[in-house]
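Colleague: I'd like to learn how to read a structure like this one. Could you walk me through it, feature by feature?

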Amino acid sequence: MASGKKPLVVVTRKLPDSVEARMCELFDTRLNPGDKPMSQAELVEAVKVADVIVPTVTDQIDRSVLSHSGEQLRLIANFGNGVDNIDVATALQRGITVTNTPGVLTEDTADMTMALILATARRLAEGARVIPEGRWTGWSPTWMLGRRITGKRLGIVGMGRIGQALARRARAFGLSIHYHNRRRVAQQIEEALEATYWDSLDQMLARMDFVSINCPHTPATYHLLSARRLKYLRPEAIVINTARGEVIDEAALTRMLEAGEIAGAGLDVFENAPAVSAKLIALAEKGAVTLLPHMGSATTEGRNDMGEKVIINIKTFIDGHRPPDRVLPSML
Ligand code: 8YV
C-alpha cells in the first residue's frame, strides 16, 4: 500500500449502512449495494486490484481465486467467524493476512441454537402453521405432543465460545450438559457449567437426547458426524446444527430421519447451501425437522458489531499493527 493513498477495500456483499458509511470515510471502499453474490470471475477481478477484500460465507476465496491475487492484496478481512470459505493456508503462503469476527456473534448464535432445540422438540414450526392455515378445530389431549426438554441430556460437539454460551442457556432449561471437544476445557469452566467431558464422541452420541454441533468446519471436522457415527444415536435423539452443514453427513442424516432411526433435526446450515434437498424439505413439512436459512447470527446488533470488527481489523492492519482477530494456522 503506497503511503498517503487510501487502501482499496472491496466489500463483496451489502453490509449495514453505518458500517459501509464508516468504511467509506476511512478507506477507498468499493461496495456492493445490490447485494448480488459475486461470481468466481468477479472475485478474481476483485483480488487483482484490492488491497483488502471483505468476503462473507457466500464467497469461495479458494486456491484458484487466490492464484490471481496481485501483490497489492495484503489482507482478507472476513465478515464472519467461520473461515472455511477461505483457503487460509494458501493465503498465508502468499503473505496475505486473514482476519475474522469472533466473539460478537456468540450470544446470538447460542440463542438460535437453543431456539432450534425448543422448536424441534416442541414442534414449534409445525404448530405455528396450524392457525394461519385455518386448520385448528380446537384443543385435544393427544394432539401436537412433543418431547419434554427438562431432565434430558444435551451433547455439545465443540465447547468453544458458542458451545459454552449454549451450555449456560441449556442448563436454565433443565438439560444436563455433556460435551466432546478437541481439548478438554479448563476445570473451572467444566465446574461452572456442570459439564461432563466425553473423550469418545461415539460414546457420547450413544447416550444423548440432543446433540448440538458447535465446532468450526475444518478438514478435521468434515463429516465428523459420519454415517458410521450417526448410527450410534438413540431413536429419541434430536440433532441440531448451527455451525456448518459439512460437519454432518447430511445424506446419511436424512436417511436416518426418513427411516425414523432418530427423532428429529433442527438445521440452520446445509452442506450445499443455499440448496436444500427435497427430502429434508419433505421431512420439515411432516414436522420432524426444523429448517432455518442460516440465521444464527442474524441480529441487527450482531451484524453491526461484526462490521465494527472488520473495520478495526483493517484499520489496525493498514496502520502497521497486528490486527486483533488474525486467523492463525493453529486454529485450522
Ligand atoms: C455469518 C457464520 O453470518 O460467522 C459465521 O461463521 O456462520 C454466520 O453467522 C456468516 O458467516 C457471515 O459471513
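Colleague: Let's start with enclosed space. How many cavities of 30 Å³ or more does a search of the whole structure find?

Modeller: Keep in mind that this is a predicted model. Searching the whole structure turns up one cavity of 30 Å³ or more. The space inside the largest cavity comes to about 40 Å³.

Colleague: Which residues line the largest cavity?

Modeller: Look for Asn241, Gly245, Ile248, Glu250, Leu253, Leu267 and Val269, which form the lining. Sorted by class, that lining has four nonpolar residues, two polar ones and one charged one.

Colleague: Now the ligand. Which residues are around it?

Modeller: Try finding them in chain order: Thr56, Val57, Phe79, Gly80, Asn81, Gly82, Leu105, Arg244, His294, Ser297 and Arg303 are the residues around the ligand. By class, this shell has three nonpolar, six polar and two charged residues.

Colleague: And how do I read polar contacts there? What lies 2.7 Å from an oxygen atom of the ligand?

Modeller: Check which atoms are paired, and whether each belongs to backbone or side chain. At 2.7 Å from a ligand oxygen you'll find a polar side-chain atom of arginine 244. Histidine 294 also offers a polar side-chain atom, 3.0 Å from an oxygen atom of the ligand. With asparagine 81 the backbone takes part: one of its polar backbone atoms is 2.6 Å from a ligand oxygen. As for cover, the ligand taken alone exposes 320 Å², and the protein buries 89% of that.

Colleague: Let me try a single residue. Where is the place of histidine 180, and is histidine 180 buried or exposed?

Modeller: Start with the strand: histidine 180 belongs to E7, which covers residues 176-180. Then compare its accessibility with the cut-off: buried means under 20% relative accessible area. Histidine 180 has 16% relative accessibility, so it counts as buried. Its side chain has a partner too, as one of its polar atoms lies 3.0 Å from the backbone oxygen of tryptophan 198.

Colleague: Why does alanine 265 count as buried?

Modeller: The reasoning is just like before. Alanine 265 counts as buried because its relative accessibility is 0%. You'll find alanine 265 in strand E11, residues 264-267.

Colleague: One last thing: what separation is there between the C-alpha atoms of alanine 265 and leucine 280?

Modeller: Read the chain and the space separately. Along the chain, alanine 265 and leucine 280 are 15 residues apart, while their C-alpha atoms are separated by 9.7 Å.

Notes:
Residues numbered from 1 in each chain as written. Predicted model: local features only at pLDDT ≥ 70, side-chain atom pairs only at ≥ 80, totals over all residues. Heavy atoms only, no water. 1 Å grid on protein atoms, 1.4 Å probe; cavity = no way out; pocket = protein on both sides within 12 Å on 5 of 7 lines; lining within 4 Å. Points joined across faces, edges and corners; volume = space filled by probe spheres on them. Nonpolar A, V, L, I, M, F, W, Y, C, P; charged D, E, K, R; others polar. Near = heavy atom within 4 Å. Polar contact = N/O pair within 3.5 Å; in protein donor to acceptor, adjacent residues only side chain to side chain. Areas by Shrake-Rupley, 256 points an atom, 1.4 Å probe, with all protein chains shown as cover. Helix = DSSP H or I, 4+ residues; strand = E, 2+ residues; numbered from the N terminus. Buried < 20%, exposed > 50% of the residue type's maximum accessible area, 1.4 Å probe, protein only.
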